[in-house]
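Colleague: Could you take me closely through one part of this model, the largest pocket, and what sits in it?

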Amino acid sequence: MKDLFDLTGKVALVTGGTHGIGLAIGLILGKAGAKICVNDIRDDKLNICKESFKKEGLDVYTLRFNVTDEKDVDIGISRIEKNIGPVDILVNNAGIIKRISILDMAIADYKQVIDVDLVAPLIVSKRVVPKMIQKRSGKIINMCSMMSVYGRNTVSAYASAKGGLKLLTQNMTCEWAKYNIQINGIGPGYIITSQTAALREDGHPFNDLVMTRTPAGRWGEPNDVAYAALFLASKASGFVNGHILYVDGGILANFGYVKGENDL
Ligand code: NAP
Ligand code: GCO
């Protein structure tokens, strides 16, 4: 049974993996035996990431490249292939969000979010997948969101990107599943990371909303998402493809309830 989740001998790349959800994923895949590569766009965060892995007694190969830049991605992936080996498990985790109302948002802002959250997973996957096809084996995990299916005010760019990433995941499956490559997404709900820090301040109306709309009654932790990533990176998910695994405490299952009704 343990063999099902043993990633020994596999090379995993987590983009934007120096903190938050990406860091949790890198650590759990490393503990499962994979050789971990972490990318980010800032050297200071890559150095902090190295310390995080060292504390867990794990090695990590860090490299700085901008996932939206095809040439930068090619250089980065070539370095991984030369120094570590072909990527077996790709986690397209890098992402940004801009919370701006549609009327106030500059088109440039919209395009930047689309570039990082939707185009970049395509760029990195296209660069990595040829070796997976050759090996007739591979795992791609695209970091989607509950915003792949829901909208809300001020996150139009982010939701557009994450909605597109859900369908890109399904289309990658249509074209690459026949090579024994499993391509899936993870759709986190509201998770405690720097990305949601502004929303979690005590008394912030959004915090109240998340706590009442989430049946589990709590914010998610990065490890909640990392455990789902371990499943999708492992042999245990060998026949799971084109699926978005929502890790959201039930929020997508819940239209909402009248306060007090649940006390019956
Ligand atoms: P985060 O701060 O959004 O993490 C994103 C990471 O991507 C950061 O390390 C960031 O680096 C990096 N990044 C941004 N642009 C990049 C680029 N062009 N090239 C390379 N790396 C880049 O925190 P998070 O909450 O852990 O988010 C991780 C993923 O989960 C994101 O895709 C996010 O959309 C998704 N997600 C988060 C939640 C949540 O509630 N937290 C829920 C659903 C989905 P810098 O910090 O240096 O910019
Ligand atoms: C927001 C939040 C969300 C979360 C996540 C929810 O502003 O609503 O930041 O977008 O990051 O994507 O799944």
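Modeller: What follows describes the largest pocket, then its two ligands, and then the smaller spaces.

This is a predicted model, in which local features need pLDDT of at least 70 and side-chain atom pairs count only at pLDDT 80 or more, whereas totals for chains, interfaces and linings use all residues. Residues are numbered from 1 along each chain as its sequence is written, chains are lettered from A and ligands numbered from 1 in the order in which they are written, and side-chain values use heavy atoms, with hydrogens and water left out.

The largest pocket holds about 920 Å³ of space, and among the 41 residues that line it, Asn93, Ala94, Gly95, Ile96 and Gln195 are the closest to its centre. A pocket here is an open set of points on a 1 Å grid over the protein atoms alone, with protein on both sides within 12 Å along at least five of seven lines; a cavity is a set of points where a 1.4 Å probe fits but cannot get out, and lining residues have an atom within 4 Å of a point. A volume is the space filled by probe spheres set on the points, which are joined across faces, edges and corners. Helix H1 gives the most to this lining, with three residues, while H1, E2, helix H4 (107-135) and H5 each supply at least two; helices (H or I, at least four residues) and strands (E, at least two) are DSSP runs numbered from the N terminus. By class, the lining divides into 19 nonpolar, 15 polar and seven charged residues, where Ala, Val, Leu, Ile, Met, Phe, Trp, Tyr, Cys and Pro count as nonpolar, Asp, Glu, Lys and Arg as charged, and the others, Gly among them, as polar.

The space taken by ligand 1 is this largest pocket, and the space taken by ligand 2 is the largest pocket as well; a molecule sits in a pocket if more than half of its atoms lie within 2 Å of its grid points. Around ligand 1 there are 31 residues, of which Asp40, Lys45, Asn93, Tyr158 and Thr193 come nearest, a residue being near if one of its heavy atoms lies within 4 Å. Oxygen atoms of ligand 1 lie 2.7 Å from a side-chain N or O atom of Lys45, 2.7 Å from a backbone N or O atom of Asn93, and 2.6 Å from a side-chain N or O atom of Thr193. On its own, ligand 1 has 870 Å² of accessible area, and the protein covers 92% of that, by the Shrake-Rupley method with a 1.4 Å probe.

Ligand 2 is surrounded by 14 residues, and the closest are Arg99, Arg152, Tyr158, Pro188 and Gln195. Its shell divides into nine nonpolar, three polar and two charged residues. An oxygen atom of ligand 2 is 2.6 Å from a side-chain N or O atom of Arg99, and a polar side-chain atom of Tyr190 lies 2.9 Å from an oxygen atom of ligand 2. Taken alone, ligand 2 exposes 340 Å², of which the protein buries 97%.

As for the other spaces, the second largest pocket has a volume of about 190 Å³. The structure also holds one cavity of 30 Å³ or more, with about 40 Å³ of space, and Asn93 and Ala94 are among the residues that line this cavity.

Notes
A polar contact is a pair of N or O atoms within 3.5 Å; within protein, one must be able to donate a hydrogen and the other to accept it, and residues adjacent in sequence count only if both atoms are side-chain atoms.
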